[in-house]
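This report examines one protein model, with attention to its core elements, its charged pairs and its surface. The sequence and structure are shown first.

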Amino acid sequence: MRILLTNDDGIEAEGLACLERIARTLSDDVWIVAPHEEQSGKGRGITLTEPLRVNRFAEKRFSVTGTPTDCVVLAVNDLMPDKPDLVLSGVNRGHNVGEDCSYSGTVAGALQGMAFGIRSIALSQSLERFHDEVTAHWETAEAYAPPIISRLLAESWQAGVVMNLNFPARAPDEVKEVEVTTQGFRQIGEMHAVKRTDLRGRDYYWMSFRGEKQDHAPGTDLRAMDDGKISVTPLHIDLTHRSSIHDLKGVLGGAPPKALVAE
C-alpha cells in the first residue's frame, strides 16, 4: 500500500512526525508532501496568484510553498510515480471538530485526496488548551490510529466520503471508547477579531477564539472531545441543504421571475 502524508502545520511539525510513525505501521511505501510553512485555517484554498516551489529533502519527502490542497495536487500529479492508495492528513495539533471542518487545512488535504478517488483520512490530536507551552498527547494518536485506520480500510466507503479522526487530550490509558459521531456546531460568536495597535499607532486585528465552555449535543464530535472519546466522523463535501430543495422549487421553478414580491 502506497501512502501519501500531508498536513497543514508544516513539514517540520511534530504531528507530521507522529503521522509518519503511524503510517509506517501500515506500509513501508510512505511519501510525504507537506507545506513548507504552517497553513492552518487555509481550508481548501489553492495558490493561483504566485508560483509553487518544491523542496526535496529525500527520495519520498517534499515540502511545497503552498496549501495542503496544493500539496496533494502536486503529489498525485507530479511528484509520485503512481497514485497513492491512501492519503493521511495530520496529525493536526489541536482538534478539528464542528465548524472547524469547513476551514481546516487538515481536513482539506483529505478532501483533495477524496477528489482524486483516493481513500483519505484526516487526523487531529486535541489539546487541553491551545498554547505553545502545551504538549500534545501525540502518543494517544500514535497508539490508536493504526488499528482504527486498519479497521476503516477493511470496510467499503461510499464515494465522496472522508474520515475525520479526532483524538482526545488524554493519555492513551485514559481513553476508553471510540465513538462514530456527527459533526457538531458551536454557539455563534466564538470566533472573533482582537483589535491591537502596532508601534506606529496603526490598528491591526488578530483572529482568535473565545474558547468558552459549552454544552455540546450527545453524539457529536464536540461532545466526544469533552468526554475523552476518540471521534470518527464520516464527512463529505456536498454542501446542498436537501430539505430546502422542495420548498424553493415551489417559488422559483419555471420561467425566471420579472417582478418583485409585493410587501
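The sections below describe selected features of this model, which is predicted.

## Strand E1 and its pairing

Strand E1 (2–6) is largely enclosed by the rest of the structure, because 5 of its 5 residues are buried. Arg2, Leu4 and Thr6 point one way from the strand, while Ile3 and Leu5 point the other way. In a regular strand the side chains alternate between the two faces of the sheet. Here the residues pointing in either direction are all buried.

E1 runs parallel to E2, and 4 bridges join the two strands. Within this pairing, Asp29 of E2 is the bridge partner of Arg2.

## Helix H1

Helix H1 spans residues 14–24, and its buried residues are Gly15, Leu16, Cys18, Leu19, Glu20, Ile22 and Ala23. These buried residues pack against five strands and a helix: E1 (2–6), E2 (29–35), E4 (61–64), E5 (86–93), E6 (119–125) and helix H5 (138–153).

H1 also contains an internal charged pair, in which the side chains of Glu20 and Arg24 meet in a salt bridge with an N to O distance of 3.1 Å. The two residues are 4 residues apart in the helix, about one turn. Glu20 belongs to the buried set of H1, whereas Arg24 counts as partly exposed because its relative accessibility is 41%.

## Salt bridges

The model contains 13 salt bridges. One of them joins the side chains of Arg2 and Asp82, at 3.4 Å from N to O. Arg2 lies in strand E1 and Asp82 in the loop between helix H2 (68–79) and E5, so this pair ties together parts that are 80 residues apart in sequence. Arg2 counts as buried at 18% relative accessibility, and Asp82 as partly exposed at 45%. A network of salt bridges links Arg2, Asp29, Lys60 and Asp82.

Another salt bridge is formed by Lys195 and Asp203, whose closest N and O atoms are 3.5 Å apart. Lys195 is exposed, with a relative accessibility of 52%, and Asp203 is partly exposed, with a relative accessible area of 45%.

## Cysteines

A disulfide is a covalent bond between the sulfur atoms of two cysteines. The structure holds 0 disulfides. For Cys18, the closest cysteine sulfur is that of Cys71, and the 19 Å between them is too far for a bond. Cys101 is likewise in no disulfide, the nearest cysteine sulfur being that of Cys18, 19 Å away.

Cys18 is buried, with a relative accessible area of 0%. Cys101 is also buried, with a value of 9%.

## A cis peptide bond

Most residues other than glycine have a negative phi, and most peptide bonds are trans. The bond from Gly90 to Val91 is cis, with omega near -15 degrees. Val91 lies in strand E5, one of the elements against which the buried residues of H1 pack.

## Surface features

Met191, Met207 and Phe209 make a nonpolar surface patch of about 320 Å². Met207 is placed in strand E10 (residues 203–209) and is exposed, with a relative accessible area of 53%.

Lys213 is found in the loop between E10 and helix H6 (221–226). Lys213 is exposed, with a relative accessible area of 72%. Its C-alpha is 10 Å from that of Arg186, while the two residues are 27 residues apart in sequence.

Note on methods: Residues numbered from 1 in each chain as written. Predicted model: local features only at pLDDT ≥ 70, side-chain atom pairs only at ≥ 80, totals over all residues. Heavy atoms only, no water. Patch = residues over 30% accessible without salt bridge, like charges linked within 9 Å, V, L, I, M, F, W, Y side chains within 5 Å. Areas by Shrake-Rupley, 256 points an atom, 1.4 Å probe, with all protein chains shown as cover. Salt bridge = Lys/Arg side-chain N within 4 Å of Asp/Glu carboxyl O. Buried < 20%, exposed > 50% of the residue type's maximum accessible area, 1.4 Å probe, protein only. Contact = heavy atoms within 4.5 Å. Disulfide = S-S within 2.5 Å. Pairing = 2+ DSSP bridges.
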